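Work through the exercises below with the model open. Try each task before reading its solution.

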Amino acid sequence: MTPGTALLVGGSSEIGMAVLVRLLGPVPRRVILAGRPSSELWWNAEKLRDAGYSVSTTQYDAGLDADELDGMLEHACAEDRLELAIVAVGSMASKSFADGVVVNGLAVSVLLRALVHRKPAQIVVLSSAAAVRPRQSIAAYSLGKQLADSAAVLLARETAGTGVRVLVVRPGFVTTRMTADLPKPPLATSPERVAGRVAAAVEARKTIVWVPGVMGLVVRAVDLVPRRLLPETWR
Ligand SMILES: NC(=O)c1ccc[n+]([C@@H]2O[C@H](COP(=O)([O-])OP(=O)(O)OC[C@H]3O[C@@H](n4cnc5c(N)ncnc54)[C@H](OP(=O)(O)O)[C@@H]3O)[C@@H](O)[C@H]2O)c1
């Protein structure tokens with residue numbers, strides 16, 4: 001990947017940070033972490049500075065409207081063109097059903113469109129297996145992910161051949177703070193494994209990548225099983 005600004009939206013995300021580190025390439029390079037102020041965000045910024053990158057942070061909240069988003073991106077990319085954008089925003093602990101759909105879905109969809117206008121060479125979107133097989137126990141999250149995933153797939157088609165590539169990442173269970181309180185299922189994976197699969201998919205110019213690779217088949221197979229035979233959390 002050639003130099004240019006790299007942006008991680010969801011700058012405190014564990015998976016987002018692993019993917020960013022994997023795709024960044026050598027220093028010097030300008031990196032922007034966008035997110036709500038938190039110790040995790042500052043920690044990630046410090047880690048990248050220690051590695052020699054030129055890092056700044058900017059505020060991103062899922063409540064930003066389209067104009068505010070444009071303003072944030074305009075300011076963030078004022079010094080250099082945007083080359084790489086990673087979107088790792090997501091929450092399974094939203095205040096309400098509506099908030100869950102907005103944070104995981106609507107806000108990400110609007111953000112993706114704003115990012116495409118900046119013409120980065122690569123956009124990476126953290127979707128989820130739940131976008132393809134929604135689950136009752138995480139209904140708002142699943143619906144939001146379905147919306148964001150569809151928005152990303154449509155943008156990938158729309159931008160084909162324009163120099164902007166969109167990669168949709170569909171992990172199953174990844175061990176991060178988001179899933180810390182949940183029982184670890186079979187096929188659970190790590191942020192570093194997600195990052196490895198993403199790097200290979202970017203290299204291969206793919207539009208969709210499942211993590212682990214077998215997850216796409218598993219999701220479709222589980223869909224064939226009568227719901228009453230599935231454990232509660234899989235329905
Ligand atoms: N962990 C998994 O099993 C798994 C599986 C499939 C897909 N994913 C997806 O992978 C991405 C990264 O997840 P992760 O596991 O790395 O979890 P994480 O560390 O909790 O990252 C989630 C990110 O979303 C941000 N976020 C949440 N609500 C927000 C809001 N209202 N406004 C702005 N930012 C908000 C968080 O910021 P704050 O620190 O400010 O909350 C954080 O940066 C997410 O899109 C997630 O849905 C995760």
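Ala, Val, Leu, Ile, Met, Phe, Trp, Tyr, Cys and Pro count as nonpolar; Asp, Glu, Lys and Arg count as charged; the others, Gly among them, count as polar. Note that the model is predicted.

**Exercise 1. The ligand shell**

Task: Find how many residues surround the ligand, and sort them by class.

Solution:
- Step 1. Collect the shell: 27 residues surround the ligand.
- Step 2. Pick out the closest: G10, S13, R36, G90 and T176.
- Step 3. Sort the shell: 11 residues are nonpolar, 11 are polar and five are charged.
- Step 4. Assign the shell to elements. Helix 1 (residues 14-24) gives the largest share, three residues.

**Exercise 2. The sheet**

Task: Work out the strand order of the open sheet, then trace the link from strand 2 to strand 3.

Solution:
- Step 1. Read the order: the seven strands run 3-2-1-4-5-6-7, with parallel pairing.
- Step 2. Find the edges. Strand 3 and strand 7 (208-211) each pair on one side only.
- Step 3. Gauge the twist: from one strand to the next, the average is 15 degrees.
- Step 4. Check one pair. Strand 2 (residues 30-35) and strand 3 (residues 54-59) are parallel and joined by six bridges.
- Step 5. Follow the chain between them. It passes through helix 2 (residues 39-50), and this β-α-β crossover is right-handed.
- Step 6. Take the pair of strand 1 and strand 2: it is parallel, over four bridges. Here L7 stands opposite I32. On the strand 3 side, I32 stands opposite S56.

**Exercise 3. Helix 1**

Task: Is helix 1 largely enclosed or open? Find its packing partners.

Solution:
- Step 1. Count buried residues. Eight of the 11 residues are buried, so helix 1 is largely enclosed by the rest of the structure.
- Step 2. Name them: E14, I15, G16, M17, A18, V19, L20 and L23.
- Step 3. List what these buried residues pack against: strand 1 (5-9), helix 2, strand 4, strand 5 (122-126) and helix 6 (191-203).
- Step 4. Look past the end of helix 1. G25 follows, with a positive phi near 80 degrees.

**Exercise 4. A88**

Task: Place A88 in the fold. Is A88 buried or exposed?

Solution:
- Step 1. Locate A88: it lies in the loop between strand 4 (82-87) and helix 4 (97-117).
- Step 2. Apply the cut-off. Buried means 20 or more other C-beta atoms within 10 Å. A88 has 24, so A88 is buried.
- Step 3. List contacts beyond four places in sequence: L8, V9, G10, S13, I15, G16 and L126.

How values were computed: Residues are numbered from 1 along each chain as its sequence is written. This is a predicted model: local features need pLDDT of at least 70, side-chain atom pairs count only at pLDDT 80 or more; totals for chains, interfaces and linings use all residues. A residue is near a molecule or strand if its C-beta atom, placed from the backbone, lies within 6 Å of it. Helices (H or I, at least four residues) and strands (E, at least two) are DSSP runs, numbered from the N terminus. A residue is buried if 20 or more other C-beta atoms lie within 10 Å of its own, exposed if 12 or fewer, and partly exposed in between; C-beta atoms are placed from the backbone. Two residues are in contact if their C-beta atoms, placed from the backbone, lie within 7 Å. Two strands pair if DSSP finds at least two bridges between them. A crossover is right-handed if, with the strands pointing away from the viewer, the path from the first strand over the helix to the second runs clockwise. Axes are lines fitted to C-alpha atoms, for helices over the stretch in contact, and angles run from 0 to 180 degrees between N-to-C directions.
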